[in-house]
Protein chains: 2
Amino acid sequence: MFKEPLQKIVDNVEGGIAGLVMGFDGIAVESYTREGHKMDITTVGMEFSFILTQVRKAAEILDVGSVQEVSIKAEKLLIVIRVLSPEYFLALALSPEGNFGKGRYLMRVVAPRLQAEL
Amino acid sequence: MFKEPLQKIVDNVEGGIAGLVMGFDGIAVESYTREGHKMDITTVGMEFSFILTQVRKAAEILDVGSVQEVSIKAEKLLIVIRVLSPEYFLALALSPEGNFGKGRYLMRVVAPRLQAEL
């Protein structure tokens with residue numbers, strides 16, 4: 001149900017490693033890791049679910065409307081997060097040289113299909 | 001010292017609103033707000049300095065190297081943050097339709113000048 005859209009995103013973006021649908025409570029709904037990669041995307045998502053909650057609180061305090069997207073670029077990993085609903089988010093892990101723009105684009109295109117199931 | 005490079009970034013990006021150099025402790029070094037805008041970029045930076053510290057902790061736990069860039073897109077505001085040093089970061093506030101790619105590019109280009117002064 002979620003595996004196929006996740007795979008579609010991860011496999012079609014240069015440098016795509018893994019994808020995840022997770023609740024803001026840190027509980028994963030579904031994940032997909034590209035063949036040949038060993039990444040614990042659930043652990044990554046859990047770490048960032050807490051941060052996302054903090055980001056949403058900050059956005060509320062600052063009155064800038066709801067948070068739609070967060071991206072984090074570290075030396076060895078690029079994470080793009082898209083909020084799907086007040087309860088769930090979609091995360092994509094890319095290599096640092098991965099195609100960030102295409103990853104964001106695919107997430108935007110696939111999001112409605114995921115949202116329809118949540 | 002920091003005002004001119006901040007102005008260079010903010011004024012040269014479509015949708016640029018304000019720029020800021022701040023310590024991770026939430027204390028601003030310098031800020032610049034584009035003419036015709038009223039934005040308390042220091043308050044925005046303070047809210048996100050705490051989050052950035054959490055992001056750095058998460059990156060350490062996940063062993064993904066140092067955090068270089070964080071971006072947050074809310075309904076009414078787009079924030080791009082670039083880490084300048086272990087103590088300081090550069091933040092750019094854009095309208096949601098602003099030119100994200102150009103903002104990131106200008107931040108990357110101007111960063112060494114700011115870093116040389118920190």
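1. Chain A drops onto chain B with a rotation of 180° and 0.0 Å of shift along the axis, at an RMSD of 0.0 Å (least squares on C-alpha atoms of residues with pLDDT of at least 70 in both copies). The two copies are thus related as by a two-fold rotation axis. In chain A, A:Ser71 has the C-alpha nearest that axis, 2.6 Å away.

2. A note on the basis: this is a predicted model, where local features need pLDDT of at least 70, side-chain atom pairs need 80 or more, and totals for chains, interfaces and linings use all residues. Side-chain values use heavy atoms, with hydrogens and water left out.

3. The contact (heavy atoms within 4.5 Å) takes 28 residues from chain A and 28 residues from chain B. Since 100% of chain A's interface residues are also interface residues in chain B, the copies meet through the same surface.

4. About 2,600 Å² is buried between the chains, 64% of it on carbon and sulfur atoms (accessible area lost on being put together, 1.4 Å probe, summed over both parts). A:Leu62, A:Val64 and A:Lys73 supply 21% of what chain A buries against chain B, more than any other three residues.

5. Now the helices (DSSP runs of H or I, at least four residues, numbered from the N terminus). The axes of H2(A) and H2(B), residues 41-62 in each chain, come within 10 Å and cross at roughly 175° (lines fitted to C-alpha atoms over the stretch in contact, angles from 0 to 180 degrees between N-to-C directions). H2(A) and H2(B) are therefore roughly antiparallel (over 145 degrees).

6. Two salt bridges cross the interface (Lys or Arg side-chain nitrogen within 4 Å of an Asp or Glu carboxyl oxygen). One salt bridge pairs B:Asp63 with A:Lys76 at 3.7 Å, N to O.

How values were computed: Residues numbered from 1 in each chain as written. Chains lettered and ligands numbered in written order. Helix = DSSP H or I, 4+ residues; strand = E, 2+ residues; numbered from the N terminus. Parallel < 35°, antiparallel > 145°, perpendicular 65-115°, else oblique. Buried area = accessible area lost by both parts, 1.4 Å probe.
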